[in-house]
Amino acid sequence: MLFEITDESTLWVEARLPSQDASRVDIGAQARVSADSKTWLDGQVVQVRHRLDEATRTYPVRIEINKPEDRLHPAQFVTVALQTSAGEPVLAVPREAVVLIDGAPA
């Protein structure tokens with residue numbers, strides 16, 4: 001064995017994103033990580049690499065998770081949700097707030 005990780009109080013999760021998505025993620029962006037899609041841990045993007053992985057055609061994004069409470073372990077697959085900076089502001093209302101008259105928005 002080359003080395004053994006003994007302190008898991010802070011872990012890095014590496015997400016792989018397509019180029020169009022990776023360009024919309026900033027360092028410091030909020031992230032959520034889950035191993036079971038039920039329980040989520042909060043994290044923060046600490047690195048967005050600028051070199052494309054030629055085999056997967058994705059960009060690695062490193063997320064730091066503090067105090068994972070023994071829920072994450074090295075080499076484990078997880079689901080990641082990231083805050084992005086892209087998009088135009090839009091006016092949005094709940095579906096229930098739209099009034100229909102004869103089946104069309106009023």
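Biologist: Which strands form a hairpin here, and how many residues lie between them?

Modeller: Start with the strands that pair, and keep in mind that this is a predicted model. In this model, β2 and β3 make a hairpin, with six residues between them. Look in the turn for Ser 37, which has a positive phi of about 60°. The two strands, β2 (residues 30-34) and β3 (residues 41-48), run antiparallel and are joined by four bridges. One of the partnerships to look for is Gln 30 with Gln 44 in β3.

Biologist: In which sense do β3 and β4 pair, and over how many bridges?

Modeller: They pair in the antiparallel sense, over five bridges, and β4 covers residues 59-66. To follow the pairing by eye, find Gly 43, which stands opposite Ile 65 in β4. Then find Gln 47, whose bridge partner in β4 is Arg 62.

Biologist: How many bridges join β1 to β4?

Modeller: Eight bridges join β1 to β4, and these strands run antiparallel too. Here Trp 12 stands opposite Glu 64 in β4.

Biologist: What lies over the face of Trp 12?

Modeller: That is Arg 62, at 4.0 Å from the ring centre. You have met Arg 62 already, as the bridge partner of Gln 47.

Biologist: And how many aromatic pairs are there?

Modeller: In general, a pair of aromatic rings is described by the distance of the centres and the angle of the planes. Ring centres have to lie within 6.5 Å to pair. By this rule the count is zero aromatic pairs.

Biologist: How many salt bridges does the structure hold?

Modeller: The general idea is that side chains of opposite charge can pair when their charged atoms come close. This structure holds five salt bridges. In one of them, the side chains of Glu 14 and Arg 49 meet at 3.8 Å, N to O. That pair links distant parts of the chain, 35 residues apart: Glu 14 is in strand β1, while Arg 49 is in the loop between β3 and β4.

Biologist: Which residues lie nearest the centre of the largest pocket?

Modeller: Trp 12, Val 13, Glu 14, Pro 74 and Ala 75 do, out of 15 residues in the lining. The space in this pocket is about 470 Å³. Strand β1 (residues 10-17) gives the most to the lining, with five residues. By type, the lining has nine nonpolar, three polar and three charged residues.

Notes:
Residues are numbered from 1 along each chain as its sequence is written. This is a predicted model: local features need pLDDT of at least 70, side-chain atom pairs count only at pLDDT 80 or more; totals for chains, interfaces and linings use all residues. Side-chain values use heavy atoms; hydrogens and water are left out. Rings of Phe, Tyr and Trp (its six-membered ring) pair if their centres lie within 6.5 Å; planes under 30 degrees apart count as stacked, over 60 as edge-to-face and the rest as tilted. A charge sits over a ring if NZ of Lys or CZ of Arg is within 6 Å of the ring centre and within 35 degrees of the ring normal. Two strands pair if DSSP finds at least two bridges between them. On a 1 Å grid over the protein atoms alone, a cavity is a set of points where a 1.4 Å probe fits but cannot get out, and a pocket is an open set with protein on both sides within 12 Å along at least five of seven lines; lining residues have an atom within 4 Å of a point. Grid points are joined across faces, edges and corners, and a volume is the space filled by probe spheres set on the points. Ala, Val, Leu, Ile, Met, Phe, Trp, Tyr, Cys and Pro count as nonpolar, Asp, Glu, Lys and Arg as charged, and the others, Gly among them, as polar. A salt bridge is a side-chain nitrogen of Lys or Arg within 4 Å of a carboxyl oxygen of Asp or Glu.
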